[in-house]
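Visitor: I would like a close look at a single part of this model, with its surroundings described step by step.

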Amino acid sequence: MTAVILYCRPGFEKECGAEIQEKAAWNEVFGYLQLRKNQGLVYFHLYDSEQADDLISKLPLTRLIFARQWFVTLGEEIDLPDYNRVEAIADALGSEFHYQELRVETCDTNDGKELSKFIRKLSVPLRQNLRKSGVLAEKGRVDSERGATILHGLFLSGQKVQMGYSFVRNSSEHVMGIHRLKFPNASPSRSTLKLDEAFLYFIPKEEREERLASGLNAVDLGSAPGGWTYQLVRRGMMVKAIDNGPMADSLMETGQVKHYQQDGFKFRPTRKNNYWLVCDMIENPTKVAKLMASWIVEGDCKEAMFNLKLPPQAGRYQLVMKNLQKIKDILSESDVWYEMYAKHLYYDREEVTVHIRRLK
């Protein structure tokens with residue numbers, strides 16, 4: 001039976017499964033779930049295998065909150081022999097279909113990290129074999145066709161691999177859907193990676209020069225000690241940092257930060273000249289959602305990037321959807337045109353990052 005395999009953060013398989021099952025049903029695609037708990041893998045087995053391509057082409061991956069990457073399975077798992085593993089994979093694939101590139105992947109677990117050393121060595125001869133047979137495009141050749149596909153090899157162990165495919169135009173550009181970033185030593189906290197990843201994920205590359213431009217005004221609610229403020233400062237923005245706690249001296253010395261020792265829920269700017277609002281406060285998600293919506297409605301910012309914290313309990317997907325709907329209701333009631341996306345990013349933990357942009 002054909003399945004769509006989705007990668008998510010280990011421990012969030014239930015949320016990822018609930019989401020794909022619900023959104024697939026909206027597209028009249030049905031199946032059943034198989035969750036590999038704490039492995040970050042969700043199998044959505046389709047009752048009608050012919051619907052696989054429709055699902056992964058019509059349902060935007062960017063609209064899935066908990067899924068990092070996905071692909072459609074090609075047959076059953078392949079048992080790998082002790083020798084001639086490359087040949088075993090090539091034989092199972094055949095030569096009927098052709099792919100743009102190959103992604104060799106593992107689970108995002110400690111066992112997966114150990115296995116990655118093995119698959120890195122195997123990937124070189126595997127690519128060479130598949131290019132030679134024409135199954136894989138030549139190195140450097142770009143296929144602009146809408147149907148261009150990525151070949152995935154999910155290694156579950158040194159003896160088993162699941163092959164599959166996704167469409168280039170509707171998949172993550174990163175292996176396993178993970179954008180790995182280097183922690184900047186100048187930042188006062190590791191939370192800085194969350195906002196860095198969010199900017200890179202939500203803001204298209206060709207629009208960053210304008211929407212993340214030097215000289216823009218920004219507000220950081222719950223800013224101390226300055227992990228998120230650092231990302232604004234390094235992009236040349238002028239920042240109002242709102243927190244009763246102290247900010248890092250290194251940020252204050254830049255001359256780009258003004259610190260207001262106030263409650264983030266009570267602060268409001270006196271001028272309507274702020275482009276960005278960012279917020280990573282550890283607060284009730286519904287309370288934060290309403291606050292963010294009110295900033296957009298009242299014109300106190302043009303774009304907002306914030307986290308909704310998730311309690312360690314069942315129903316986290318439903319809680320996220322409830323709060324996103326609350327934001328939609330508030331904006332719609334005020335006749336505000338907007339776009340909004342949410343994603344459980346790699347550097348997020350028990351939280352989901354949301355981006356709202358007010359449209360003209």
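Guide: What follows is an account of helix 9 and the strands around it.

This is a predicted model, in which local features need pLDDT of at least 70 and side-chain atom pairs count only at pLDDT 80 or more, while totals for chains, interfaces and linings use all residues. Residues are numbered from 1 along each chain as its sequence is written, and side-chain values use heavy atoms, with hydrogens and water left out.

Helices (H or I, at least four residues) and strands (E, at least two) are DSSP runs numbered from the N terminus. Helix 9, residues 285–297, has 13 residues and reaches 18 Å from its first C-alpha to its last, close to the 18 Å expected at 1.5 Å a residue, where the expected span is 1.5 Å times one less than the number of residues. At its N-terminal end, Asn284 acts as a cap, with a side-chain oxygen 2.9 Å from the backbone nitrogen of Thr286; after the helix comes Gly299, whose phi is positive, near 75°.

The buried residues of helix 9 (buried means under 20% relative accessible area, exposed over 50%, partly exposed in between, with a 1.4 Å probe and protein chains only) include Val288, Leu291, Met292, Trp295 and Ile296. Their cover includes strand 9 (217–221), strand 12 (276–279), strand 13, helix 10 (316–333) and strand 15, and contact here means heavy atoms within 4.5 Å.

A nonpolar core is a set of buried Ala, Val, Leu, Ile, Met, Phe, Trp, Tyr and Cys residues joined through side-chain atoms within 4.5 Å. The largest such core has 74 residues, of which Leu6, Leu221 and Phe306 touch the most other members. Helix 9 supplies the largest share of this core, seven residues. Leaving aside neighbours within four places in sequence, Phe306 is in contact with residues including Val288, Met292, Val352, Val354 and Ile356.

Strand 15 (residues 351–358) is largely enclosed by the rest of the structure, because six of its eight residues are buried. Strand 13 (residues 303–309) pairs with strand 15 in the antiparallel sense over seven bridges, pairing being assigned if DSSP finds at least two bridges between two strands. Within this pairing, Leu308 has Val352 of strand 15 as its bridge partner. Strand 14 (residues 338–343) also runs antiparallel to strand 15, joined to it by six bridges, and here Met340 has Ile356 as its bridge partner.

Conventions:
A polar contact is a pair of N or O atoms within 3.5 Å; within protein, one must be able to donate a hydrogen and the other to accept it, and residues adjacent in sequence count only if both atoms are side-chain atoms.
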